[in-house]
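Me: I have a model open and would like to talk through how it is put together. Can we start with the terms for helix packing and then move around the chain?

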Amino acid sequence: MYEDQDIDNIELAMQLISVSDHQYEKGQSDANKEVAISSRQPMLVCDVCTNTIIESLHHPTYFPDGAPVCCDIIWKQTICPKHLEDRTPICCGCMRLKTSDVTYINLGEGREICLDCYSTAIVDIRQCEPLMIHKCHEFFRTLNLDLPDDVRVFLVDKKEMDRLNCEQEPTPFGLPFKADMGTITGVTSCSRKGDSVVVERQFHGDYRTGIAILFGLPKIMTQAILAHEMMHVWFRSKGIIFGELEKKLEEGMCQVIGWKWLDWLDSEITSSSSATTSHEQAQFLRKLVQTYKFVVEKHDSDEYGQGFREVQRAVARFGLETTINHMITTYKKKASRRMPVTL
Ligand SMILES: [Zn+2]
Ligand SMILES: [Zn+2]
Ligand SMILES: [Zn+2]
């Protein structure tokens with residue numbers, strides 16, 4: 001969807017934006033405006049520190065977890081590259097860097113979220129169950145994939161997610177797990193108190209298969225994570241043991257399903273925008289969808305990024321059903337070779 005050439009063009013366009021067209025819109029300090037006007041040179045001012053940008057952000061640039069930086073490409077933020085590493089807060093929903101004129105809410109555990117994203121965030125388990133799960137089942141049926149009915153979804157904090165992920169870095173946004181993970185500490189609700197949140201928790205032991213998702217993420221992101229994790233559950237329901245299918249293939253397919261769900265949501269936002277949401281809200285939601293699609297498409301990791309691109313190419317060429325069947329047949333052949341020979 002976004003070719004490298006597009007990114008080059010965006011960068012070029014950003015560098016050519018004249019001071020009068022660009023800087024005044026961003027409400028820069030008068031001192032900066034004067035410097036810019038007097039020099040008549042194309043100059044960019046940082047949205048975060050309001051200083052003139054000395055070095056532009058070059059792409060591709062990635063966060064440590066392999067997600068591509070997209071605050072400039074999708075959200076048109078103009079930033080000094082140093083803010084990606086100088087502890088400037090980054091919204092865990094839209095991935096925009098905090099500017100001085102906006103409020104970010106501290107979700108605890110080092111996660112912050114902008115007010116726009118927080119207004120659509122999943123902060124109560126009742127927002128997931130049962131509606132969001134129903135919708136996910138409905139979506140899977142459109143793909144001819146039947147999901148088991150007994151999957152419980154839990155919102156969790158980062159600490160519980162790390163425990164479920166056996167303390168491996170980085171903390172995932174979502175994770176499927178089985179009953180052997182013991183009692184789950186789920187977040188039932190959280191409410192805003194000033195610039196932070198108060199979280200209510202509950203213990204759960206009554207589940208067979210569960211999906212954990214970090215609480216407080218925008219609904220669109222939560223839905224895409226749910227679709228991704230449900231695909232892992234689907235593989236397990238077909239008898240495919242975790243870790244036995246090549247990781248790149250399984251994660252790649254789960255990313256494809258998450259991406260398809262985003263595509264589906266995109267058309268839903270477009271068709272329902274006039275009825276239920278304002279124009280601005282619909283624009284914002286569409287940009288969130290663009291952000292997550294971009295992250296999936298351009299991810300730098302072998303499993304999630306390269307895996308997605310390879311599986312997506314196979315699905316485009318052979319169709320979803322054939323690609324999945326091929327994955328399962330190959331898996332079963334391998335599994336049968338491992339069976340002990342009995343005489
Ligand atoms: Zn700056
Ligand atoms: Zn945000
Ligand atoms: Zn996964």
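Reply: To begin with the terms, axes are lines fitted to C-alpha atoms, for helices over the stretch in contact, and angles run from 0 to 180 degrees between N-to-C directions. Please keep in mind throughout that this is a predicted model.

Me: Fine, so at what angle do H7 and H9 pack, and how far apart are their axes?
Reply: Helix H7, residues 219-237, packs against helix H9, residues 279-298, at an angle of about 40°, and the two axes are 9 Å apart. The crossing of H7 past H9 is right-handed.

Me: Which residues make that contact?
Reply: From H7 the contact uses Ile220, Met221 and Ala224, while H9 contributes Leu285, Leu288, Val289 and Tyr292. Sorted by class, the contact of H7 with H9 has seven nonpolar residues, with no polar and no charged ones.

Me: Zooming out, what does the secondary structure of the chain come to, and what share of its residues count as buried?
Reply: The chain has eleven helices and seven strands, and 36% of its 343 residues count as buried. Among contacts between residues at least 6 apart in sequence, 65% join residues at least 24 apart.

Me: And the largest nonpolar core, how many residues has it, and which have the most contacts inside it?
Reply: That core has 84 residues, and those with the most contacts inside it are Cys91, Ile113, Ala212, Ala227, Met253 and Tyr292. The core draws at least three residues from each of domain 1 (4-88) and domain 2 (125-333). Tyr292, listed there, is also one of the H9 residues in the contact with H7.

Me: What is Ile113 in contact with, leaving aside neighbours within four places in sequence?
Reply: Ile113 is in contact with Cys91, Cys92, Gly93, Tyr104, Ile105, Leu107, Tyr118, Ala121 and Gly216.

Me: Switching to backbone geometry, which residues are joined by a cis peptide bond?
Reply: One cis peptide bond joins Glu129 and Pro130, with omega about -5°, and another joins Glu169 and Pro170, with omega about -10°. Pro130 sits in the loop between helix H4 (115-118) and helix H5 (131-142), whereas Pro170 belongs to the loop between helix H6 (158-164) and strand S4 (174-178).

Me: What about Glu109, what is its phi?
Reply: Glu109 is not a glycine, yet its phi is positive, at about 55°. Glu109 is located in the loop between strand S1 (104-108) and strand S2 (111-114).

Me: Where is Cys166, and what is its phi?
Reply: Cys166 lies in the loop between H6 and S4, and although it is not a glycine, its phi is positive, about 55°.

Me: Why does Cys166 count as exposed, and why is Glu109 partly exposed?
Reply: Cys166 counts as exposed because it has 7 C-beta neighbours inside 10 Å, and the cut-off for exposed is 12 or fewer. Glu109 has 13 other C-beta atoms within 10 Å and is therefore partly exposed.

Me: Last one, Ala179: is it buried or exposed, and what does it touch?
Reply: Ala179 is in the loop between S4 and strand S5 (184-193), and because it has 12 C-beta neighbours inside 10 Å, Ala179 counts as exposed. Not counting residues up to four places away in sequence, Ala179 touches Tyr207 and Arg208.

Me: And how far is Ala179 from Gly210 in space?
Reply: Their C-alpha atoms are 7.6 Å apart, with the two positions 31 residues apart in sequence numbering.

Terms used: Residues are numbered from 1 along each chain as its sequence is written. Chains are lettered from A and ligands numbered from 1 in the order in which they are written. This is a predicted model: local features need pLDDT of at least 70, side-chain atom pairs count only at pLDDT 80 or more; totals for chains, interfaces and linings use all residues. A nonpolar core is a set of buried Ala, Val, Leu, Ile, Met, Phe, Trp, Tyr and Cys residues joined through C-beta atoms within 7 Å. A residue is buried if 20 or more other C-beta atoms lie within 10 Å of its own, exposed if 12 or fewer, and partly exposed in between; C-beta atoms are placed from the backbone. Domain bounds come from an automatic or database domain assignment. Two residues are in contact if their C-beta atoms, placed from the backbone, lie within 7 Å. Helices (H or I, at least four residues) and strands (E, at least two) are DSSP runs, numbered from the N terminus. A crossing is left-handed if the near helix is turned anticlockwise from the far one by less than a right angle, and right-handed if clockwise. Ala, Val, Leu, Ile, Met, Phe, Trp, Tyr, Cys and Pro count as nonpolar, Asp, Glu, Lys and Arg as charged, and the others, Gly among them, as polar.
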